[in-house]
Amino acid sequence: MKLDFRGKTVLILGGGCSIGLALTNLLLEEGLAVTATHASEDGKAAIYRKFPELTGKSPWLDLGDKASQTSLAPLLETGVDYLVDLAHADHEVLLAAAGETDMDTYFQANIANRLLLLKAVTRSMLARRFGRLVHLSSTAAAMPAPGQGFYGATKRAAEGLYQSLALELGPRGISTLSLRLGLVDAGRGERFLDKTDRRQDLSQKIVTVEQTAGTLLFLLSDQALALTCTTITMDAGLTAQKYA
């Protein structure tokens with residue numbers, strides 16, 4: 001199946017993670033121009049190591065630092081067609097034990113600062129009356145494990161922001177989608193699988209990086225534009241049944 005893309009420029013938030021790197025590779029193969037942000041030196045190094053042609057072209061963007069959003073100003077002035085939001089910080093703590101300062105900081109970064117960024121990005125899209133935004137969420141938004149209260153709440157809040165943006169801006173060509181991942185072999189999921197040595201037991205329920213990147217590519221394409229104002233789940237059936 002040949003995918004079509006009305007737009008040409010893609011902004012990936014959190015592009016230095018394994019999913020971001022895999023998606024960047026697919027997008028470049030499709031002939032799209034990619035800007036992948038990083039929030040750490042390790043992330044920047046990963047982008048430049050895999051894609052030497054992008055050296056010097058990865059802006060620093062940390063949702064925890066509102067001022068870092070100014071790094072996107074040149075890109076937004078010229079225009080961006082697609083946004084893929086992979087940015088999120090883990091913060092596992094029981095809610096009853098959470099500190100007030102940590103709570104304020106985490107919600108400010110992952111909800112308020114994210115909304116400021118989305119406003120700036122969609123503003124640049126409106127002039128061309130086209131924009132596609134895909135947010136990588138988590139099944140923790142609906143079924144958080146103990147200690148995932150902050151993470152699950154902000155993921156669900158972000159889903160709400162994306163849905164509302166599409167409802168408000170849909171008539172002007174803006175569409176959005178959130179993709180809830182289950183147990184993915186990347187980031188926290190990879191650490192969980194390595195720590196608990198459960199890869200064999202859960203092998204049929206693991207979502208791979210390649211599957212995730214390929215799905216994100218499809219969701220950005222023209223063929224998927226009717227998927228908007230909604231959230232879909234990709235978890236290999238992990239949450240479809242109750243486990244003893």
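User: Two strands pair if DSSP finds at least two bridges between them. With that in hand, what order do the six strands of the open sheet take?

Analyst: Bear in mind that this is a predicted model: local features need pLDDT of at least 70, side-chain atom pairs count only at pLDDT 80 or more, and totals for chains, interfaces and linings use all residues. Residues are numbered from 1 along each chain as its sequence is written, and side-chain values use heavy atoms, with hydrogens and water left out. Helices (H or I, at least four residues) and strands (E, at least two) are DSSP runs, numbered from the N terminus. Pairing in this open sheet is parallel, and its six strands go 2-1-3-4-5-8.

User: Which are the edge strands?

Analyst: Look for strands that pair on one side only. They turn out to be strand 2 (33-36) and strand 8 (230-234).

User: Which residue of strand 2 stands opposite Thr9?

Analyst: Strand 1 (residues 9-13) runs parallel to strand 2, and four bridges join them. Across from Thr9, in strand 2, you'll find Ala33.

User: Which element gives the largest share of the largest nonpolar core?

Analyst: A nonpolar core is a set of buried Ala, Val, Leu, Ile, Met, Phe, Trp, Tyr and Cys residues joined through side-chain atoms within 4.5 Å. This one has 37 residues, and Ile12, Ile19, Leu23, Leu27, Leu181 and Leu216 touch the most other members. Several elements each supply at least two residues, including strand 1, helix 1 (18-29) and helix 7 (209-220). The largest share, six residues, belongs to helix 7.

User: How are helix 4 and helix 5 oriented to each other, roughly parallel or roughly antiparallel?

Analyst: Axes are lines fitted to C-alpha atoms, for helices over the stretch in contact, with angles from 0 to 180 degrees between N-to-C directions. The axes of helix 4 (residues 100-126) and helix 5 come within 11 Å and cross at roughly 20°. Angles under 35 degrees count as roughly parallel, over 145 as roughly antiparallel, 65 to 115 as roughly perpendicular and the rest as oblique. So helix 4 and helix 5 are roughly parallel.

User: Is Thr154 buried or exposed?

Analyst: Thr154 lies in helix 5 (residues 149-169). Leaving aside its neighbours within four places in sequence, Thr154 is in contact (heavy atoms within 4.5 Å) with His88, Tyr106, Phe107, Asn110 and Ile111. The cut-offs are under 20% relative accessible area for buried, over 50% for exposed and partly exposed in between (1.4 Å probe, protein chains only). Because its relative accessible area is 0%, Thr154 is buried.
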